[in-house]
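Work through these exercises with the structure open beside you. Try each task before you read its solution.

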Amino acid sequence: MRRKVGRCGDSLSHSQRKVSVLKDVAVEDMAKLFRAAIMGPPGSGKGTISQRIAESFGLKYLSSGHYLRDSIAANTEAGMIVRPYVDRGMLVPDHVMTRLMLPRLEQLNGHSWLLDGFPRTVAQAQALNSLYHIDMVISLNIPYATLSERLSDRWIHPASGRVYNMGFNPPQVQGKDDITGEPLIQHDDDKPEALMARLRHYKDVAKPVIDLYKSQGVLHSFSGTDTDKIWPYINSLLSTKMQMQPSEAHQTQTP
């Protein structure tokens, strides 16, 4: 009887060890997830940097701007909610942004991701932090003269959000989108006379968010005028933080 009890005890012990191992694996898998956000003023090169990060490190890239534009174009529920604000040139309120973005992030459970354009305010950051641990926030600091030069040459296909730069990434046909052939536009707030106010607003809104993540020890700031020169530093930091080697670096041009 003792042997039977012993065997049963051994079997139970083995089962417990197996469950423990599975739990450890699950915890390890969760620990491997990497959640990051990127911040920067208009024209800072966030789009190019974000694409390089996503492609080099396998992160899912979620741009709030792209998501909202796609939702409006597809006339989804999210699109119908934000369209009145976008049509009026208004910023989408915090409670609306969190209502739309947090469920979208739930669809990325089990994946590492990079956020662009969200969180934009402290209220959005607090809502995000209540559900997710943010491992890294990248802040791009670009001089005003560089931003002004980039934005003055920037033209946009409004329906898709595709961006062209007349200096280094011009459309195949002047003034036309490469894919649809539809006209390109230049936003009024990309023009020099509006740029200063736009950048001032960004700094006013972004500073509390930057301070929040700085206090949490996850903020990493990068300064410069050339995305291709900033990228190696970001690449090196992410390689260290994620303890992996990225795939080949991408040498696309500065946006």
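**Exercise 1. Find the residues that join helix H3 to helix H4, then describe how the two helices cross.**

Step 1. List the contacts, meaning heavy atoms within 4.5 Å. From H3 come Tyr67, Leu68, Ser71 and Ile72, and they meet Ala78, Gly79, Val82, Arg83 and Val86 of H4.

Step 2. Sort them by class. Six residues of this contact are nonpolar, two are polar and one is charged. Here Ala, Val, Leu, Ile, Met, Phe, Trp, Tyr, Cys and Pro count as nonpolar, Asp, Glu, Lys and Arg as charged, and the others, Gly among them, as polar.

Step 3. Place the helices. H3 covers residues 64-73 and H4 covers residues 77-87. Helices (H or I, at least four residues) and strands (E, at least two) are DSSP runs, numbered from the N terminus.

Step 4. Read the geometry. The axes come within 8 Å and cross at roughly 105 degrees. Axes are lines fitted to C-alpha atoms, for helices over the stretch in contact, and angles run from 0 to 180 degrees between N-to-C directions. H3 and H4 are therefore roughly perpendicular. The cut-offs are under 35 degrees for roughly parallel, over 145 for roughly antiparallel, 65 to 115 for roughly perpendicular, and oblique for the rest.

A note on the source: this is a predicted model, in which local features need pLDDT of at least 70, side-chain atom pairs count only at pLDDT 80 or more, and totals for chains, interfaces and linings use all residues. Residues are numbered from 1 along each chain as its sequence is written, and side-chain values use heavy atoms, with hydrogens and water left out.

**Exercise 2. Describe how H3 packs with H5.**

Step 1. Take the angle and distance. The two helices pack at about 100 degrees, with axes 12 Å apart. H3 and H5 are therefore roughly perpendicular.

Step 2. Name the residues. H3 gives Ser64, Tyr67 and Leu68, while H5 gives Met97, Leu100, Met101 and Arg104.

Step 3. Classify them. The contact has five nonpolar residues, one polar and one charged.

**Exercise 3. Lay out the five-stranded sheet and find its edges.**

Step 1. Write the order. The sheet is open and runs E2-E3-E1-E4-E7, with parallel pairing. Two strands pair if DSSP finds at least two bridges between them.

Step 2. Find the edges. E2 (60-63) and E7 (219-223) each have a single partner strand, so one side of each is left without a neighbour in the sheet.

Step 3. Check the twist. On average, neighbouring strands are turned by 20 degrees against each other, direction ignored.

Step 4. Look at one pair. E4 (residues 136-141) joins E7 in the parallel sense over five bridges. Ser139 has Ser221 in E7 as its bridge partner.

Step 5. Add the helix. H3 lies across E2 and E3 (113-116), and runs at about 70 degrees to E2.

**Exercise 4. Which parts of the chain does the salt bridge between Asp228 and Arg52 tie together?**

Step 1. Recall the idea. Side chains of opposite charge can pair when their charged atoms come close. A salt bridge is a side-chain nitrogen of Lys or Arg within 4 Å of a carboxyl oxygen of Asp or Glu. The whole structure holds six of them.

Step 2. Locate this pair. The N to O distance between Asp228 and Arg52 is 2.6 Å. Asp228 lies in H9 (residues 227-242) and Arg52 in H2 (residues 46-57), so the bridge ties together parts 176 residues apart in sequence.

Step 3. Check exposure. Buried means under 20% relative accessible area, exposed over 50%, partly exposed in between (1.4 Å probe, protein chains only). Asp228 is partly exposed at 22%, whereas Arg52 is buried at 1%.

Step 4. Try another pair. Asp211 bridges to Lys207, with the closest N and O atoms 2.9 Å apart. Both lie in H8 (residues 192-215), four residues apart, and are separated by about one helical turn.

**Exercise 5. Is Thr98 buried or exposed?**

Step 1. Place Thr98. This residue lies in helix H5.

Step 2. Read its area. Thr98 is buried, with a relative accessible area of 15%.

Step 3. List its contacts. Leaving aside neighbours within four places in sequence, Thr98 touches Pro103, Phe118, Gln124 and Ala127.
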